[in-house]
Amino acid sequence: MTPADATTVSADLFSRAQQVIPSGVNSPVRAFGSVGGTPPFLTSAQGALLHDADGRDYVDLVGSWGPMILGHAHEPVVEAVRDAAGRGLSFGAPQSGEVALAEEVVSRIAPVEQLRLVNSGTEATMSALRVARAATDRDVVVKFAGCYHGHVDALLAEAGSGVATFAMPGSAGVTAATARDTVVLPYGDRAAVSALFAARGGEIAAVITEAAPANMGVVPPREEDGIGFNRFLAETAHASGALLISDEVLTGFRASREGYYGVDGEGWTPDLMTFGKVIGGGLPVGAFGGRKDLMGLLAPAGPVYQAGTLSGNPLATAAGLATFAELDETAYATLASTSRALQQMVADALTTAGVPHVIQNAGTLFSVFFREQPVTGYDDAKMQDTEAFTRFFHAMLDAGVYLPPSAFEAWFVSTAHTPEVLDRIADALPGAAKAAAS
Ligand code: PLP
């Protein structure tokens, strides 16, 4: 029984929600479908802590799936939003915050010469894809199994059998024609990428990849003969006149000050990049950017239509800018040491309890797989003991630690995860590891 099941307020809210909201949630993973039980309904959050409608609090290791890198209700961010709100909620016209936010991203990420703001990561990848198709006058897009790029029709495709198959739609409502233009390959499989380009290079508009996959758990790109997978993709795509879209919605400004590009950006350049989460400081923002000649294809100057009533919203840019203002090298050093300390604590607890596990990281991001062998792709990720994870998850929740409710997600720390907060997690771990082992 989870804390929420044992009480009534969250359970009542969940039951009411299910009457008027499909499955009671506005994004599927929130329904606790893969771990079971009732999700706590949250009322407020401060620093590293979440508070629910039943008066319980939890150490948060989800961070709204990435944006809350400074912790919740961080005063300078809240103050910036309050201040912006007093000056108007939305203009639907240019405002200085958009310029400052674009300048911030352009100054951090060398391949981004121009940036356009949108309202979510999904919009960012959808628009980047449209630009890539327009620029190349080609239709086919290549993605990797286990990489998530938002709920864009063309990117909701999953692998069929074989190496370079036409994809099957990964969601009802995606047409077969859309899925036919998407080819799904196993992540990290250079031979499959080379074979596909040899056979169909002239049809491929773009390869899209998470800069470091983190939506099947964290699976960092590997080097072979001194060449990283992202660089290999850039070189292979460019040799056929295709583009590389590096999706940094999750890793951007989290894996390092320059996102994952700052971790392995040596010697290669993506043509387009996508961002979200951290750049909005907790408000709805996404962005895509890249080479000026490609971004110049966008309307009104160019033929690629893309727009948004709320894009460049002044509250969102204020939250993003206030967040960036604190994301200096010191903040990343703190995030890195917090992340390392937490990984060690989890590893120690699981090892002591005899629970097979492997922890993988990409910059300050990490995830825990409940299996012994390293995970190099989606097939590996699926071969883990999800039941052990479920027992672990519920024991942690009971002990006041809120983990991602799925074995396939990254764990997120913030600069508000102080040593005292880590102590609370340390107290919860032995019992949860024992539950996982049982
Ligand atoms: N791309 C990546 C790598 C993501 O992790 C996500 C969301 O988790 C998205 C795109 C979609 O972003 P959003 O949920 O803001 O639409």
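A residue counts as buried if 20 or more other C-beta atoms lie within 10 Å of its own, with C-beta atoms placed from the backbone. By this criterion Lys277 is buried, because 26 other C-beta atoms lie within 10 Å. The model described here is predicted.

**Lys277 and the ligand shell**

Lys277 sits in the loop between β13 and β14. The UniProt annotation "modified residue: N6-(pyridoxal phosphate)lysine", from an unreviewed entry, covers Lys277. When neighbours within four places in sequence are left aside, Lys277 is in contact with Trp65, Gly66, Pro67, Gly121, Val249 and Leu250.

The ligand is surrounded by 15 residues, and the closest are Ser120, Gly121, Thr122, Gly150 and Val249. Helix α5 (residues 121-136) supplies the largest share of this shell, three residues. Sorted by class, the shell holds nine polar, four nonpolar and two charged residues.

**The seven-stranded sheet**

An open sheet is built from seven strands in the order β4-β14-β13-β12-β9-β5-β8, and its pairing is mixed. Its edges are formed by β4 (114-118) and β8 (182-185), each of which pairs on one side only. On average, neighbouring strands of the sheet are turned by 20° against each other, direction ignored.

Three of the strand pairs are set out below.

| Strand pair | Sense | Bridges | A bridged residue pair |
|---|---|---|---|
| β4 and β14 (residues 286-290) | antiparallel | five | Val118 and Gly286 |
| β5 and β9 | parallel | three | Val142 and Val207 |
| β9 and β12 (residues 243-247) | parallel | five | Ala206 and Leu243 |

Strand β9 appears in two of these rows, pairing with β5 and with β12. The strand is mostly covered, as seven of its seven residues are buried. In a regular strand, side chains alternate between the two faces of the sheet.

**Helices on the sheet**

Two helices can be placed relative to these strands. Helix α4 (residues 96-108) packs on the sheet and touches β4, β13 (272-275) and β14. The direction of helix α4 makes about 125° with that of β4. Helix α7 (residues 190-200) lies across β5 (140-144), β8 and β9 (204-210). With respect to β8, helix α7 runs at about 150°.

The contacts of helix α4 include β13 and β14, the two strands whose connecting loop contains Lys277. Gly121 and Val249 are among the residues closest to the ligand, and both are in contact with Lys277.

Key: Residues are numbered from 1 along each chain as its sequence is written. This is a predicted model: local features need pLDDT of at least 70, side-chain atom pairs count only at pLDDT 80 or more; totals for chains, interfaces and linings use all residues. A residue is near a molecule or strand if its C-beta atom, placed from the backbone, lies within 6 Å of it. Helices (H or I, at least four residues) and strands (E, at least two) are DSSP runs, numbered from the N terminus. Ala, Val, Leu, Ile, Met, Phe, Trp, Tyr, Cys and Pro count as nonpolar, Asp, Glu, Lys and Arg as charged, and the others, Gly among them, as polar. Two strands pair if DSSP finds at least two bridges between them. Axes are lines fitted to C-alpha atoms, for helices over the stretch in contact, and angles run from 0 to 180 degrees between N-to-C directions. Two residues are in contact if their C-beta atoms, placed from the backbone, lie within 7 Å. A residue is buried if 20 or more other C-beta atoms lie within 10 Å of its own, exposed if 12 or fewer, and partly exposed in between; C-beta atoms are placed from the backbone. UniProt positions are given in the numbering used here, feature names are shortened, and annotations may be inferred rather than shown by experiment.
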